[in-house]
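Reader: Could you give me a close look at one part of this model? I'd like to know how the pieces there pack against each other.

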Amino acid sequence: MTAPAAPVTALADGEWHRLHPASPLLRGGLVFIAVLGFVLANLRERLVDMFIFVFVPDAGDEFDGRYGDWQNDWANDPVGAIVVNGQVGWALLAVALVIIGVIVGFWLSWRMHTFRITHEAVEVRSGILFRSHRSARLDRVQGVNINRPVFARLFGTAKLDVSVAGESGNVQLAYLGSALADGLRADILRLASGARAAKSGTAASVAHRAPDAAAGPLADQPEADASGPPPASATRTAQASAVIGRRVDEFLAPELDPNLATPESVVHLSVARVIGSTLLGGTTISIIVFVAIIVTGVAAGQEWVILSFIPAVIGLVGYLWSRITKSLRYSIAGTPDGVRIGHGLLSTANQTIPPGRVHAVEATQWILWRPFGWWSVRVNLAGQGASASSEAVQRTMVLPVGRAEDVRRVLELLLPGAASEIDPVFAAGLTGRGATGGFSTTPRRAAWLRPFSWRRIGWSATGGVALFRRGALTRSLAVMPLARVQSVALSRGPVRRMLRLASVRVHTLAGPVTVELPVVDADEAALLFERLAADAVVWAGADESHHWGVARDRETEVAVSSGLGPDLVAPTIEARS
């Protein structure tokens, strides 16, 4: 944590601003250009013939010799009918009007799409004929994500997505200047934290405001020469070189700014580990099974299996490739405003999870990863839900693959207040079985319901978190902050009652993580139910992580009143955190 920060941009001033001028082109213009290019590519021969017929003398005789009864053939074709009937001029006028209409529509879309950042909400107004006004309360912000598709990176732009609690409540700003998107994210997170902005000396640090502030900073201008202004061509060349240089630097720059996090807090993934873990996943097994079916079917003379299974194999291979590319350049680190997760090669994305927004964490290990000691970490976040879309899965996967020490460091970033308490039971939670490391044991009769994993099933509670471990083929360690517990459920069906067993589930937000003990002794389940229900109330009442900036301001005031200089305040708070 650091001392209260000044605004980074001039966009969080409560006034309405516009997006980057290239936003309409990036949102829909590229599709229009692609469709237009496809049409022209398929009509290029006919368009050449039309040009020759209209502008070359005696072209009709030439066409009679080459194509025979070309007039009847052209009359049955839309483009040919225009030429035969002498309506080329009207057709060109119609095409020009369509292009002008599209350009005007894009311009109006940009003019009518505005946003503002106040101390209470992020608001967006859009629409030409049908207007919409969306507002996301800052106290409901669960994270701020920045996506940079490859085409957007060519324009130096980025898409900012504000995730809020609630179904379909996210607010998008597509697109902003890349540097301004990073600065605006810092401003939104500062306002959401409840922190007070520094009031003195901030004017010089606020980004200068151009007529369209969201368009990004202007190119660096060359210094004036005492001998007179440089030629206009030289100035344009220098500006173009500066723009190209910035784009190249942005493509090569790391997704995480090194100045935002200390090197020891950053977790990176090696390319070999990413590829190896992907190939050892369940998708590869499915591909092998489908290929075996195809080979067997072809050998037996059943060619129909090719049409049935080849599309599935192509889809699975594409999924594997997307998994690998999205995990390249992956990094996760702690920053002053939360955990920053970045990934991607050509199209990049980064996500910031503010403190107190993590509702559950789960470390899992697929059986084929066990010889290598690899684990993955997923989280439940408000605003993400249990959607199976690739984007939702990517946002809840905070560590695609890592070793046990990487999992430990990620837990320290996601749950900083409880990390030291978890440490004594961490190893037993990942790989332990039976009464090890402070975890409970499961009676032998549970083997009737969980024959392979009953020895591993157990729970522990320490430092304001509950830890549940389970799984045989896929080991799982679920960590749940008690302040985020929604409810606790104890279930006993007929079979469990006969075996004097029960199941306990801790309800959290919808997401990929399930916090549950599938089998536990009935008496112990009742005690666990009472303990979790009572502790959840106590920890929720003491929790202030949703306003992490207020606590940071309070610690700063205490440090200053203790006689520490301004230069020592931030390091002191960092050491405490």
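**Two helices against α12**

Author: Let's start with handedness: α10 and α12 make a right-handed crossing (the near helix is turned clockwise from the far one by less than a right angle; anticlockwise would be left-handed). Before going on, this is a predicted model, where local features need pLDDT of at least 70, side-chain atom pairs count only at pLDDT 80 or more, and totals for chains, interfaces and linings use all residues. Residues are numbered from 1 along each chain as its sequence is written, and side-chain values use heavy atoms, with hydrogens and water left out.

Helix α10 covers residues 271–279, and its axis sits 10 Å from that of α12, at an angle of about 155° (axes are lines fitted to C-alpha atoms over the stretch in contact, with angles from 0 to 180 degrees between N-to-C directions). So α10 runs roughly antiparallel to α12, a label for angles over 145 degrees. On the α10 side you'll find Val 274, Ile 275 and Thr 278, which meet Leu 320, Arg 323, Ile 324 and Ser 327 of α12 (contact means heavy atoms within 4.5 Å). Sorted by class, that contact has four nonpolar, two polar and one charged residues (Ala, Val, Leu, Ile, Met, Phe, Trp, Tyr, Cys and Pro count as nonpolar, Asp, Glu, Lys and Arg as charged, the others, Gly among them, as polar).

Now for the other partner. Helix α11 spans residues 282–299 and α12 spans residues 304–327; their axes come within 10 Å and cross at roughly 155°. That makes α11 roughly antiparallel to α12 as well. Here, though, the crossing is left-handed. From α11, the residues taking part are Thr 283, Thr 284, Ser 286, Ile 287, Phe 290, Ile 293, Ile 294, Gly 297 and Val 298. Facing them in α12 are Val 305, Ile 306, Phe 309, Ile 310, Ala 312, Val 313, Leu 316, Val 317, Tyr 319 and Leu 320. The class count for α11 with α12 is 15 nonpolar, four polar and no charged residues.

Put the two lists side by side and Leu 320 turns up in both: this α12 residue meets α10 and also meets α11. The charged residue in the α10 contact is Arg 323 of α12. As for the names, helices are DSSP runs (H or I, at least four residues), numbered from the N terminus.

Note on methods:
Parallel < 35°, antiparallel > 145°, perpendicular 65-115°, else oblique.
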